[in-house]
Amino acid sequence: MSTKRSLLRLLAMVIMLIGLTQSFQPLSILNGKSTSHRDITIRAILRKTAEVCRDIAAAAGQEFSLTIDDSLTAERVHKECSSSTNSSILSSIFFSASIVSIYLNNANVDLAYALSGEHHFDNEAFQKGRDLITQGMSAVKASVKQSNFIAGRKTLGQLCHTLQDFYSHSNWVELGNTDPYNALINPDQPFENLAGENCDNNLLPNVLKKRLLTSGYFSVFFSKKPKGKCSHGGFLDQTSKQEPVGGINKDDIVSSHGSRHSQAANLAVTATMDLLEDIRLAVGDENFLRLMGLSQSSVLSFVIDTTGNTRDGLAQAKKLAFNIIDSRRGTLQEPPAYTLVDFNDPGFGSLIATADADRFKERINALIADRGGDNPELSLSRLQLALTAAPPSSEIFVFTNTLAKDAHLKNTITALIETTKSVVTFLLTDVLPHKRKRSLRDVLPRVLSQTDAQLYHDLAQASGGQAIKVSRSDFALPTSVIKDSSDSATVIVFQGVRNPGRPAHFMFNVDGSLTNKTIYITGTSSLDFNLISPTGVSQSSSELSGPLASLSMAGNLRRLSLNNDTETGLWRISVDSNDPYSVKVTGQSPVNLIYNLVEANKGLHADVFLKEGRPLVGDNATLLVTVTGSDSIHVTEVTLCDTSSSTEVNGTLQSLGGSNFLVTFIEPPRGNFVVRLRGEDSRLSSKSTARWFLRQASTQIRTSSIYVTAQANSTNIEAGSTTSIRFNVTTASGIGAFMVRATNDRGYNTTSPNSVTLETHSGGNAKGIVTLTAPEGAASGTEVTLKIEVEDAAATDINYVVLRFSVTDKVRE
C-alpha cells in the first residue's frame, strides 16, 4: 500500500472518530447513564406526537389517557393516537420506521460533516449554525406541504443534530439557563451577549457574570485557537492542550463538563420539541402526524398495461383498483397517496401521483387500451418509473399480459426494490399474440409460460411480492391477494422458493398474535401439497375445505385461508413438484420488524450510520433492527437466510435499549438472502407455543464485490443551480471496466461518465464526478433522489449508492 493511500485511510479513520467525540453520542452504548442524540430525538418525537394527538382528541371531545413523559414508547403513543378507530389490529410499522429514519439522518451529520463547525456549533459559529437550522426548518415545511415526507424526515433529522449540539457545545447551560434559546429557531431574533475574550480554566468568571455566550473550538490537526477562547475538549481536540486548557463540552458524563450533561440533554429535548411545534403550526396537525409516520397504510401504486390486446384485462384492473380504493376510504387503511403509471408503445405512458382518491379513480377510468402490436412492451421501464416516484415501503401492482422488451433493466429494478423496500406484485393475464394473419391456434388465449414469466417471478420474489398468472375472467382471487397485502398489519411469517423445483418440506411458527393467517403457493397445475398442524392434523391439496384451511385456486396461485381456531406452534407444509414454485405464509399482527443496513464504526464510542447499497462479498455486515408491536418483546435470534433456505447465518445481537438491536454478521451468505427474526412476546398467553414468533423481511438483500461511495458538499440544491458529486469505485475482484449509470427520480439533467476503469497502477480504485442540475422553476421542498449504479462488464454484479437532495429557493443577491 502506498504512503499516500495509507495517509488517506488514516485521515478517514480520524474523521470517523471525530464524529464520535464531538456530539451527544448517537446510538452510544458506552454507558447507560449518558444521553445520546438518538435518545433525545426519540423522546422529543414521542412527547410532541402525543401532545398533538391529545389536542386533537380534546377538540373532538374524546378521551386521551396517556401520560406524556419520558416513559413513552412508540407502541403506546401509536395505540393512543389510533384509539378512536375501529381497527382491531394496529401496526406501528410506519411510525417506528419514520422515527428510525429521523435519528439515522441525525447520526449521519457526524459522518458527513465531521469537520464542520457550524453543524456542531463549534468555534463560535452561531450565525452559520442558526442558518442551518432555520433554512432546514423552511425546507421541512416546504417538503411536508408537497407531501414529500421522506425528504422532510431526512432534513429534520439533520437539523435536529445541529440544534441539540448547541446545548452541549456552548456555555448556555453554564450560564444558568433553564429554557431553550429561542433565537436558534427564529431567524428574526438577534443573538445577544456573544463573548469576546472568554476562557480561563474552561470559563472566565467574568463571562459567566456578564452572561456572555460562547462555544468551544475544535481541531484534530492544529493546536492553535484564538487568544482566550475555550476548547471543545477531548483527547482528539488539539486545541484543548493549549492555554486555556481543557474543554466545555457536555457530550456525555465523562466529558470535560460532564457534570452538566443531563441538564444539556434535557434542554436539547425541550428545544427539539419547540422546533417540532414550530413545524406543526406551519403545516397543520394532519400533515405533522403524516410526517411522523402516523399512518396505517403504505402508498398504493398501479402500473397498468394499456396496449390494444389488454381491453378485457384493463376493465378487470379498473374494477379491482376501484374496489380496493373504495373499501379503504375513511379507515386507517386508506393510503396516504396513490401513484399510477400506464405503459404502451415507446413514447406513450404517464405518471400521476395524488392524495385525492377521486382524482386517482378518474385517471384510472380514463385509461384506454390502444395501440401496441409489438409484444413485448416496456414494462420494466414503467415499473422503474413507479419505483422512483413512490416512497419507500410502497405496494406496487403491475397489470400486464406482455413480456418485457427491456429485460436488461432487471438488475436496476432489483436494486431499486432493495433501496425502497417496496413490494411488487405482478398480475399476469393471458396473452393474444400480435400477428397480422392468425391461425385458429393464434387466437386462442394463452397465459405466459413459466419461462416467459420467470423475469416477473424473480422481481416479485426479490421484493416479497408474487407473480400471479390468471385468465382475464378470473380476477376474484387476485383481488383477495391485493387486499391481504395492502394492510399495514400484514406480516410475513415465512417465504421460500424452489427454483429449480424439487420436493421440499417447509416449517413455520404460528404465534398467538397472528390473525387472518394465509398461505400462498404459486406453481404449475401439477403441484401437490400437504399441510400439517402442530398436533399432526393434515390437509392435502385435493381438499377445498378441510380441517385446517379453505383453499381457493386461480391460474398458478393457491390461497389457503387458515381456520380461525388455528393451533399455535410449529406447522409444516410439504410441496411435491419438480417445477419452480414458491410458498409464502402471512398473517396480520402488530409484531413486525424493520431493518436497515448500517456501517458500524469502532471508535471511542460505538456508532452506526445508514449504508446505502449492497453489502460486500466476504465482509462483515451490520443491521439495525427494530421490532414493533409490543413493549414486551424478547428477541432471541436474527439470521440471514438464502432464498432456498439451505443456508442460514446467525448474527451477534447487541441491544440498544427498547426494541432496537444491532446485529453483526461475520460474513453474509453469497447471492440473495432475507432477514429472519425469532423471539418471544411475554404479553401473550403463558402457553409457550403462543409466545414464540417468527418474522421475515419482505425484501431480499444481495451481496456485491463492487464498493461504491459518494459524497455531496450539501444535501440542499438551489433551483437553477448544479451540484457536483464525487464518487469512488473499488472492487474485491481487482481491475476491469465498469459501467456507470446516474439517474434521478425527477428527470433533472444529470451527467456522468459512461464507465470507469480500475487499473493496477491506480491501486484498484477509480473516481468520477456526477452532476445534478435543478431547473429554475423547481419548487422549494422538492425531494430529488440521485442513484449512482456501477455494474461489471458481464452485467452479473451491480452495486449502487443513493443520495437525496432537497431543492431550496435560489438565494437572491
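Which residue in β13 does T518 stand opposite? Here are some friendly notes on this predicted model, with the reply to that question in the second point.

1. Let's begin with the five-stranded sheet. This sheet is open, its strands follow the order β7-β15-β9-β13-β12, and the pairing is antiparallel. At its edges lie β7, covering 490-498, and β12, covering 549-554, each of which pairs on one side only. If you ignore direction, neighbouring strands here are turned by 15° against each other on average.

2. Now look inside that sheet at β9 and β13. Strand β9 takes in residues 515-522 and strand β13 takes in residues 557-562; five bridges pair them in the antiparallel sense. As for the opening question, T518 stands opposite S561 in β13.

3. A second sheet is worth finding next. It has four strands, is also open, and reads β26-β28-β32-β30 in order, again with antiparallel pairing. Its edge strands are β26 (706-712) and β30 (749-751), and each of these pairs on one side only. From one strand to the next, the twist averages 20°.

4. To get a feel for this second sheet, follow the edge strand β26 to its partner. Strand β28 spans residues 722-731, and seven bridges join β26 to it, with the two running antiparallel. One position to pick out on screen is I706, whose bridge partner in β28 is T731.

5. Two pairs make good starting places for a first look: T518 opposite S561 in β13, and I706 with its bridge partner T731 in β28. From there you can trace the strand orders, β7-β15-β9-β13-β12 in the five-stranded sheet and β26-β28-β32-β30 in the four-stranded one.

How values were computed: Residues numbered from 1 in each chain as written. Predicted model: local features only at pLDDT ≥ 70, side-chain atom pairs only at ≥ 80, totals over all residues. Heavy atoms only, no water. Pairing = 2+ DSSP bridges. Axes fitted to C-alpha atoms, helices over the stretch in contact; angles between N-to-C directions.
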